[in-house]
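Open the model in your viewer and keep the selection tool at hand. The stops below go one after another.

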Amino acid sequence: MLLDKEIMNCEFEYIKCFSEFYEKDNIIRFSDNQLKDMYYHNYTYVKREMEDSELKEIIEDEILLRSFEKSKFCNIILDYVVNRSLISSLKYNAEISKMGYYSFDISYFSRLNYISECAIKKVINDEMINDVLFCDLKHDEENLGKDFCTRRCYRRGKVYISEKGVDSYICYHKGKIIGNCDLFTHNGVVKIEDFAVIPPYQRMGYGTTILKYLIDIGIKEKCHTIYLVTDEEDTAKEMYKKLGFNKIGERMELLFHL
């Protein structure tokens, strides 16, 4: 499934807000020196489909480079399915994930419910970054640890309150922090990212409320595409489909622990 070039450009411009990049014929390598242990700030994108022997050489070179940099992982992202025999022939085992790109059908917008008592606010200062951290810890501390969640939040928070273009929004209900989500716009394309609702408030309509608010921003800015990326094995995918998101592409991720 060939992904629209405008969406790919939006993906690249989004990650450039956090990471430096190096590009050559077959790859784009992204690196965030401020958060070296975050998979999605530090990865290598393979730009085209190729023969197994060529791809194997690229993967081995990237693993060698990341090892030289003393990284604990090497993350490879491709827009096509890799031969399993190639993966099994590599020195390091890979965690394999399939991610789907889903675009919102604007005709569904009026069907989305909105909890009127909610206040959704753009993150504009350090105090609100602490509210994002509260969400992150409630959502991810058990799996990712407090230290990583804290470093990730403050790293990304620097971008939220800068002029780089990635905005974060927090949902409050009667003064309580409910959830958060990021929004990035590039050339008429909107990317929804890091969408999360604190566990006690899930399946109560807050997630739909947050998404409707952000989608409305994209519509008012006359953007023609609003999309997100989600794990094909994640149950959240089914929620997105019910709300009006349709699959438009997919990618494979190969995560090697070094």
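Two strands count as paired when DSSP finds at least two bridges between them. With that in mind, note that this is a predicted model, and begin at the hairpin.

**Stop 1: the hairpin.** Select strand 1 and strand 2, which form a hairpin with 3 residues between them. Strand 2 covers residues 27-31, and its pairing with strand 1 is antiparallel, over 4 bridges. Pick out Glu23 next: opposite this residue, in strand 2, stands Ile28.

**Stop 2: the whole sheet.** Now show every strand of the open sheet. There are 11, in the order 1-2-3-4-11-5-10-9-8-7-6, with mixed pairing. Which strands stand at the edges? They are strand 1 (20-23) and strand 6 (118-122); each has a single partner strand, so one side of each has no neighbour in the sheet. From one strand to the next, the twist averages 25 degrees.

**Stop 3: strands 5 and 10.** Select residues 94-104 for strand 5 and residues 225-231 for strand 10; the two run antiparallel and are joined by 5 bridges. Within this pair, find Tyr101, with Val229 of strand 10 opposite.

**Stop 4: two helices across the sheet.** Add helix 6, residues 206-220. Helix 6 lies across strands 5, 6, 7, 8, 9, 10 and 11, and runs at about 160 degrees to strand 9. Then add helix 7, residues 236-243, which lies across strands 5, 9, 10 and 11. Its angle to strand 10 is about 155 degrees.

**Stop 5: Lys191.** Go to strand 9, residues 189-197, and select Lys191 there. Is this residue buried or exposed? Lys191 is buried: its relative accessible area is 3%, and the cut-off for buried is under 20%. Show the side chains around Lys191. One polar contact, of 2.6 Å, links the side chain of Lys191 to that of Glu11. Another, of 3.1 Å, runs from the side chain of Lys191 to the side chain of Glu193. Beyond neighbours within four places in sequence, the residues in contact with Lys191 include Cys10, Tyr14, Asp182, Phe184 and Tyr227.

**Stop 6: the nonpolar cores.** Keep Tyr227 selected and add Tyr45, Tyr101, Val123, Val166 and Ile170; these are the residues with the most contacts inside the largest nonpolar core, which has 36 residues. A second core, separate from the first, has 28 residues. To find this second core, select Cys118, Ile178, Cys181 and Ile215, which are among its members. In soluble globular proteins, nonpolar side chains tend to be buried together.

Terms used: Residues numbered from 1 in each chain as written. Predicted model: local features only at pLDDT ≥ 70, side-chain atom pairs only at ≥ 80, totals over all residues. Heavy atoms only, no water. Buried < 20%, exposed > 50% of the residue type's maximum accessible area, 1.4 Å probe, protein only. Polar contact = N/O pair within 3.5 Å; in protein donor to acceptor, adjacent residues only side chain to side chain. Contact = heavy atoms within 4.5 Å. Core = buried A, V, L, I, M, F, W, Y, C linked by side-chain atoms within 4.5 Å. Axes fitted to C-alpha atoms, helices over the stretch in contact; angles between N-to-C directions.
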